[in-house]
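Let's work through a few exercises together, each with a task and a step-by-step solution. Keep the structure open beside you as you go.

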Amino acid sequence: MAELHTDRLVLRRWRDSDLEPWAAMNADPEVREHLGDLLTREQSDASVACFQAEFDQRGYGWWAVEVKATGEFIGFAGLDEVDDDMPFTGVEIGWRLARSAWGQGYATEAARTVLAHGFDTLELPEILAVTTATNARSQAVMRRIGMTRDPADDFDDPTAPEGPLRPNVLYRIARVART
């Protein structure tokens, strides 16, 4: 598994020491605002096991993100195959950071590195990003990394209950469109 580095971040394989702060993130209503229900510790730990298995199987997935200067775990960033029940196919970029890491440019920094890996190493022709229609912060990151949205691609998430998590937006960037 490739480890990715930016000026301030390391995107790396998950460690046992990440499980507790990851579980805290998944129990934080603000972090989970656009994602759905809070996760139990068991659900959170199981998600990491799934991330690791998928990474081993495909060669890409969700990296743990740490601050290079301190070694602090702050969340994840990476690539994943779009779920089968979505009205489109492809590979999706995503990120999730602890509230203490918000507003410092870490999501954008990690996402740019993940995009570069997806296009330059994995040679993906296109990368997608999805979020709720109300998640302005993530949409701002998507725009900062060069992704664009066609409102005709917006959709209702079939896995979300009726309510604010159902309307979603889809952003895209093609390898040839990168600057």
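**Exercise 1. Strand partners**

Task: find which residue of β9 stands opposite Arg-149.

Solution. Step 1: look across from Arg-149, and you meet Tyr-171 in β9. Step 2: place this pair in its strands. β7 (residues 148-149) runs antiparallel to β9 and is joined to β9 by 2 bridges. Strands here are DSSP runs of E with at least two residues, helices are runs of H or I with at least four residues, and both are numbered from the N terminus. Two strands pair if DSSP finds at least two bridges between them. Step 3: go on to the other partners of β9. Strand β6 (residues 126-132) is antiparallel to β9 (residues 167-174), with 7 bridges between them, and Leu-128 faces Arg-172. Strand β8 (residues 155-156) is likewise antiparallel to β9, through 2 bridges; there, Asp-156 stands opposite Pro-167.

Before the next task, a word on the source: this is a predicted model, in which local features need pLDDT of at least 70, side-chain atom pairs count only at pLDDT 80 or more, and totals for chains, interfaces and linings use all residues. Residues are numbered from 1 along each chain as its sequence is written, and side-chain values use heavy atoms, with hydrogens and water left out.

**Exercise 2. The two sides of a helix**

Task: work out which residues of α2 are buried and where they point.

Solution. Step 1: check the helix itself. α2 has 18 residues and spans 26 Å from first to last C-alpha, close to the 26 Å expected at 1.5 Å a residue (the expected span is 1.5 Å times one less than the number of residues). Step 2: list the buried residues, meaning those under 20% relative accessible area, where exposed is over 50% and partly exposed is in between (1.4 Å probe, protein chains only). In α2 they are Ser-44, Ser-47, Val-48, Phe-51 and Phe-55. Step 3: these residues lie on the same side of α2 because they cover an arc of only 95° around the axis, judged by the directions from the helix axis to the C-beta atoms. Step 4: see what they meet. The buried residues pack against α1, β3 (62-67) and β4, where contact means heavy atoms within 4.5 Å. Step 5: turn to the face away from the buried side, which carries the exposed residues Glu-42, Asp-56 and Gln-57. Step 6: just after the helix comes Gly-59, with a positive phi near 90°.

**Exercise 3. Salt bridges of α2**

Task: which partners do Arg-13, Asp-45 and Arg-58 have in salt bridges?

Solution. Step 1: apply the criterion, a side-chain nitrogen of Lys or Arg within 4 Å of a carboxyl oxygen of Asp or Glu. The whole structure holds 14 salt bridges. Step 2: Arg-13 pairs with Asp-56 at 3.0 Å, N to O. Arg-13 lies in the loop between β2 (9-12) and α1 (19-26) and Asp-56 in helix α2 (residues 41-58), so this pair ties together parts 43 residues apart in sequence. Step 3: Asp-45 pairs with Arg-41, at 2.9 Å between the closest N and O atoms; both lie in α2, 4 residues apart, about one turn of the helix. Step 4: Arg-58 pairs with Asp-80 at 2.9 Å, N to O. Arg-58 is in helix α2 and Asp-80 in strand β4 (residues 73-81), so the pair ties together parts 22 residues apart in sequence. Arg-58 is partly exposed at 21% relative accessibility, whereas Asp-80 is buried at 14%.
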